[in-house]
Amino acid sequence: MTSHHWTTRAIHAGRDDLVDLGLHAPPLDLSTTYPSRDTAAEAARLDVFSAGVDDGGPPIYGRVGNPTVSRFESALAELEGAEAAVAFASGMAALAACLLALVMRGRPHVVAIRPLYGTSDHLLETGLLGTSVTWAEARDAAGAIRGDTGMVIVESPANPTLTEVDIQALSAACAPVPVLVDNTFATPALQRPLDRGAGIVLHSATKYLGGHGDVMGGVIACDELFARSLRQIRFATGGVLHPVAGYQLLRGLSTLPVRMQRASATAAELARRLAAHPAVTRVHYPGLNGAPRPDKQMDGGGAMVSFEVAADPHAVVGAVRLLTPAVSLGSVDSLIQHPVSLTHHVMEPDSREKAGISPRLLRVSTGLEHVDDLWADLAGALARAQALAPSQVPA
Ligand SMILES: *Cc1c(COP(=O)(O)O)cnc(C)c1O
């Protein structure tokens, strides 16, 4: 099976047993509990589960494991090239479980590279879960590692500036401390961090993996040992993925390669057109105008494009008519948002500045519409915003 191309596996992963079951769509199992007449055997299995081991046997209780969610987990693990994957109710629940695992293991210090998703930055900066953080540039990250450092955290491409970090170089420099890569923006369709030496991959599955703006989830791909810690934490803290969400996310994986390919081509074209537009002062897109990138790390530039405007960015968001003015990303429709107001609002202003997030920055998640329609909408919104009163936003 694994000899097939990756794009083929994206369709079939997590479904290889269906023909033998006489099924086409994967079964959606909504049970919260699973009856058994053998309580002694269940007690023994619960001991195994509470140590984080999934014995592959029949389920016991919805918080301990669900067959539909397991299908999504095994498919995602295969597509990221991981031993295991553990799914959660959201991307933040997944990150929280990783941080709790570090605390549980007595290595509560994290080295993190900005920018990160605003709420991830906030969770690390506040130390809400008992971790502490040292912020570092990628090239200095290894030097910030201490005896109690459990993890190095990075996003590449990063939210919202689309800055890339060389995952292979970072992982080699920080070994044996594992590097966690938030792969939400690239997805395994374009970038597989574990192949580059990263130890852990995190997704907000809410975004491209679901792909249609109608499901929340998070997932970690990692080795089986770390997965056990995560399952232990999920078992005890309860941030489980709902089975319907597991079903939707498994379905999302099957169209992920074609969605990413098409949306990325559109984003690259929008980036080129934005860069030539007089009302746009700066465009952030991986490799734009031949800028250097980490070698062989990511296939293309992805489907996100960010840009800074001379006009009032709020007016630009207010003026779009085809793009959806909304936070989040990764849907079939294109979305535009103002990071300082939304995704990165929770951060302290000086943290935002250190992360290079300008108040003039707008972020577009490119969907599957025709590029010319998106461009007409964006260009029209830029023109309308420029015709309004001068910007209130500081330069
Ligand atoms: C949205 C997002 C998250 C958080 O995920 P939720 O599913 O909203 O909890 C984490 N990282 C990145 C890069 C994101 O875009």
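In which loop does Pro 115 lie? In this predicted model, Pro 115 is placed in the loop between β2 and α6, the latter spanning residues 118-126, and the peptide bond that leads from Arg 114 to Pro 115 is cis, with omega near 0°. A cis peptide bond is also found from Ala 175 to Pro 176, where omega is near 5°, and Pro 176 has its place in the loop between α7 and β5. Such bonds deserve notice because most peptide bonds are trans.

The strands named here belong to an open sheet, in which seven strands follow one another in the order β1-β7-β6-β5-β4-β2-β3 with mixed pairing. At the edges of this sheet stand β1, residues 84-88, and β3, residues 132-135, each of which pairs on one side only. Neighbouring strands of the sheet are turned against each other by 20° on average, when direction is ignored. Strand β2, which covers residues 109-112, runs parallel to β3 and is joined to β3 by four bridges; in this pair, His 109 of the model stands opposite Ser 132 in β3.

Two helices may be described in relation to these strands. Helix α7, made of residues 167-174, lies across β4 (149-155) and β5 (179-182), and runs at about 155° to β5. Helix α9, made of residues 224-237, packs on the sheet and touches β1, β4, β6 (200-204) and β7 (218-222), while its direction makes about 20° with that of β1.

Away from the sheet order, a nonpolar patch of about 230 Å² is formed on the surface by Leu 28, Leu 30 and Val 244. Of these residues, Leu 28 is located in the loop between α2 (18-21) and α3 (39-50), and Leu 28 counts as partly exposed because its relative accessibility is 38%, a value that falls between the limits of 20% for buried and 50% for exposed.

Two further loop residues are described by their backbone angles. Most residues other than glycine have a negative phi, yet Lys 296, which is not a glycine, has a positive phi of about 55°, and Ser 328, likewise not a glycine, has a positive phi of about 90°. Lys 296 is found in the loop between β8 (280-284) and β9 (304-309), whereas Ser 328 lies in the loop between β10 (324-325) and β11 (335-337). With a relative accessibility of 70%, Lys 296 counts as exposed, while Ser 328, at 24%, counts as partly exposed.

Methods:
Residues are numbered from 1 along each chain as its sequence is written. This is a predicted model: local features need pLDDT of at least 70, side-chain atom pairs count only at pLDDT 80 or more; totals for chains, interfaces and linings use all residues. Side-chain values use heavy atoms; hydrogens and water are left out. Two strands pair if DSSP finds at least two bridges between them. Axes are lines fitted to C-alpha atoms, for helices over the stretch in contact, and angles run from 0 to 180 degrees between N-to-C directions. Contact means heavy atoms within 4.5 Å. Patches are made of residues with over 30% relative accessible area and no salt bridge: like charges are joined within 9 Å, nonpolar side chains (Val, Leu, Ile, Met, Phe, Trp, Tyr) within 5 Å. Accessible areas come from the Shrake-Rupley method with a 1.4 Å probe; for residues, only the protein chains shown count as cover. A salt bridge is a side-chain nitrogen of Lys or Arg within 4 Å of a carboxyl oxygen of Asp or Glu. Buried means under 20% relative accessible area, exposed over 50%, partly exposed in between (1.4 Å probe, protein chains only).
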